[in-house]
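Visitor: Hi! I have a structure open on my screen and would like some help reading it. Could you walk me through it?

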Amino acid sequence: MTHLLEVRNLETRFFTEEGIVHAVNGITYTLNEGESLGIVGESGSGKSVGVLSVMGLIPNPPGRVTAGEVIYGGRDLLKLTPSEMRRVRGHEIAMVFQDPMTSLNPVLTIGRQMTEAMELHLSIDHETAMKRAAELLSMVGLPNAADRLNDYPHQFSGGQRQRVGIAMALSCNPSILIADEPTTALDVTIQAQIVDLVKRLKEKIGMAVIWITHDLGVVASLVEKVAVMYSGFIVETAPVHELYQNTSHPYTLGLLESLPKVDAKTKQRLIPIQGLPPDLLKEPRHCPFAPRCRYAVDQCWEENPSLKPVAPEHYSACWRWENARQDARQRMMTIGEVA
Amino acid sequence: MTAYIIRRLLILPVIMIGVTMLIFAMMQFLGPVERSALYIRDFPKTQGQIDAVIRRYGLDDPFLVQYWHWLVGKEDPETGELLGGILRGDLGFSRTGREPVIDLLKRRLPVTAELALVSMLPIVVIGIWLGMQAALHHNEPIDQGARVFAILGYSFPTFVFGLLVLLIFYAKLNWFPPGRLSTQFSLEVTRPGFENYTRFLTLDALLNLRFDIFMDALRHMVLPVVTLSYLSWALLLKVTRSSMLEALRQDYVTTARAKGLSERVVTNRHVRKNALIPVATIAGSTVASLFNGVVITETIFDIPGLGSAAAAAALSLDVMTMLAYALFTAFLFVSVNLLVDVMYAVLDPRVRLG
């Protein structure tokens, strides 16, 4: 079966005055039709840059995709001309951004911002587009949708704006929706609503979703598989239940340990990941997580591990994944965690 | 939007009262005797004349009474004739101009206004347009050139720049002479047969179908226009460039690109309007400051406008003319600020809709 989207060895660099930033270091993943993938990692792990590279939205200069392929619909998106790529953007692959306060243009009406993509990609006139915009807005749960098309972003709350952002992204029936931390800037109660909304829309429309987050908890209910990124590498990838139950990378384990668990049977202290994220200016020669890893041995400092299968559909880039998995299982038993 | 503009307009008289009161208060630094001297042309002035003038114009009345009289005029205690009153257009007598100040304004204002209006063209084209291009081609040659140009513009004082271009383009090359017109035409435009429709020389020349006079007037305007406006080019270029760069970095620009819009649409629809909001502020004060720049520019290039009149008045302590000039610039600043506020409302819905 061919995949809907196939990213192979994608590598993105930023050429700055301080040196070359190794933002994305050869990541590979696939996405099937209607499937949803969570990309998890801390700030600076390259998760946003990774999807912006797929969209061809890396600002150049200073950034550039230096290697890899992004196969979509039998074509390598990285080889498309700018105008060919514009027909993919917003039409085949659409995006929702992190901060709804800044990702909408403050001086244009919501109607104008919603219709411009439809007029461009669906070749419909403004009136039809406005009608469809109103339908989309009520689909994402905005009351009085038709009346609000002439309003400006500052007349909406943060959660409402993110709903607008989602409606906007879905306006041209994309086959892939990329959501770049769409709930990070929102209140916790609103976060849950937005996650729910996307889940519902995904079932209804059937598009594939790439959901980027730094919060392993958020994606658990939403996605089918997860890729964990660290320092521009995918360090572990697995179906979501497998990842929670058979965690096989020290970093993923660290992320889980630092997550509070409300329904834990015994009280468990949160364990932070020690140390700081790596300096992306240095070319990675050893395992990037080694300086912060409690399992690190000499081998980790000599050779950067690549992704290796540890179970069916489960890959980990760690020399000592078995030790990490053992501890993960141990932890699971003590707190009775169910993913 | 209309309500917003009406609110702004209603504030205008309040501001004008404040401004005129301030200007009038400055005049009060002179005592009644000193001020009376402004009304007496004889020299030496006698005590009797002074007392008569003080009585006639009420120069020792309380401040607010005098201010009121200054605004609406005062009856002569002997003849019952209404004297003064800036609201009636009586701004006093200009000693340096040897005519009533209001006549001087009427004659000289169009000259200065024409100069300032023509100066706006290069300000918009060079300042704003080049600033946008520089931002869109960040760190490319056009951007580097624009930056060097802006720094040069900043660092040249107007009087040095004016004399320098006069030296090069008039004294050495004789391309652009000073004054308003060449000698053969300057007589012709005062004779019957040349109608002064607008008192703007270039426009009148066109309306009289005298293209030779039009070209001559334009030729004379090149150096003053450049001298008057280069500082504003530099300033607006800098502001436009940086606010464009700022707007280009915003998240909503990435959103717009993610929709598949072309760079042209992204710039024209999403970036430009946002970038122009700060530019409107600067453009407003720039236009107003043009009217201060004319003092030096008109003096250097021997142009009979408001600026050179103000300079002459200042040099010989001609208080009436100075006051009129101060009133005029104050009024101009207030109106331009009003215009900027309206522009904000047009550009930014957050202002318009509160």
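Visitor: Which residue stands opposite Thr237(A) in strand 12 of chain A?
Guide: That is Tyr315(A). One thing to keep in mind as we go: this is a predicted model.

Visitor: How many bridges join strand 10 to strand 12 of chain A, and which way do they run?
Guide: Two bridges link strand 10 to strand 12 of chain A, which covers residues 314-316, and the two strands run antiparallel.

Visitor: And what about strand 9 and strand 10 of chain A, how do they pair?
Guide: They also have an antiparallel pairing, with six bridges between strand 9 and strand 10 of chain A. Here Tyr230(A) is the residue that sits opposite Phe233(A) of strand 10.

Visitor: What lies between the strands in that hairpin?
Guide: Two residues lie between strand 9 and strand 10 of chain A. Ser231(A) has a positive phi there, near 55 degrees.

Visitor: How many residues of strand 10 of chain A are buried?
Guide: Six of its seven residues are buried, so strand 10 of chain A is largely enclosed by the rest of the structure.

Visitor: Let's zoom out. Which sheet of chain A has strand 10 in its order?
Guide: An open sheet of eight strands, with the order 6-7-8-3-9-10-12-11 in chain A and mixed pairing. At its edges are strand 6 (93-96) and strand 11 (308-311) of chain A, each pairing on one side only. From one strand to the next, the twist averages 25 degrees.

Visitor: What about a parallel pair, how do strand 7 and strand 8 of chain A join?
Guide: Strand 7 (residues 176-180) and strand 8 (residues 208-213) of chain A run parallel and are joined by five bridges. In this pair, Ile178(A) stands opposite Ile210(A) of strand 8.

Visitor: Which strands does helix 5 of chain A touch when it packs on the sheet?
Guide: Helix 5 of chain A, residues 158-170, touches strand 6 and strand 7 of chain A. The direction of helix 5 makes about 175 degrees with that of strand 6.

Visitor: And helix 9 of chain A, which strands does that one touch?
Guide: Helix 9 (residues 250-257) packs on the sheet against strand 3 (36-40), strand 9 (225-230) and strand 10 (233-239) of chain A. The direction of helix 9 is at about 100 degrees to that of strand 9 of chain A.

Visitor: What is the order of the open sheet of four strands in chain A?
Guide: The order is 2-1-4-5 in chain A, and the pairing is antiparallel. Strand 2 (19-31) and strand 5 (75-76) of chain A are the edge strands, each with a partner on one side only.

Visitor: How is strand 5 of chain A joined to strand 4?
Guide: Strand 4 (residues 63-72) and strand 5 of chain A run antiparallel, with two bridges between them. Ile71(A) is the residue opposite Asp76(A) in strand 5.

Visitor: Okay, chain A overall. How many helices and strands are there in chain A?
Guide: Chain A has eleven helices and twelve strands. The radius of gyration of chain A is 21 Å, close to the 20 Å that the globule rule gives for 339 residues, so chain A is as compact as a globular protein of that length. Along the principal axes, the C-alpha atoms of chain A fill a box of roughly 65 × 50 × 40 Å.

Visitor: What share of chain A is buried?
Guide: Buried residues are 47% of the 339 residues in chain A. As for contacts in chain A with a separation of 6 or more, 66% of them are between residues 24 or more positions apart.

Visitor: Switching to chain B, how many residues does each chain give to the contact?
Guide: Chain B gives 19 residues and chain A gives 22 residues. On the chain B side, helix 11 supplies the largest share, six residues. That side of chain B has six nonpolar, seven polar and six charged residues.

Visitor: Which domains is chain B divided into?
Guide: Chain B has domain 1 (2-94) and domain 2 (99-352). Their centres, taken over C-alpha atoms, are 33 Å apart. Between them, 17 residues of domain 1 of chain B are in contact with 20 residues of domain 2 of chain B.

Visitor: Which element gives the largest share of the domain 1 side?
Guide: Helix 1 of chain B, with ten residues on the side of domain 1 that touches domain 2.

Key: Residues numbered from 1 in each chain as written. Chains lettered and ligands numbered in written order. Predicted model: local features only at pLDDT ≥ 70, side-chain atom pairs only at ≥ 80, totals over all residues. Contact = placed C-beta atoms within 7 Å. Nonpolar A, V, L, I, M, F, W, Y, C, P; charged D, E, K, R; others polar. Domains from an automatic or database assignment. Rg over C-alpha atoms; globule rule 2.2 N^0.38 Å. Buried ≥ 20, exposed ≤ 12 C-beta atoms within 10 Å, placed from the backbone. Pairing = 2+ DSSP bridges. Axes fitted to C-alpha atoms, helices over the stretch in contact; angles between N-to-C directions.
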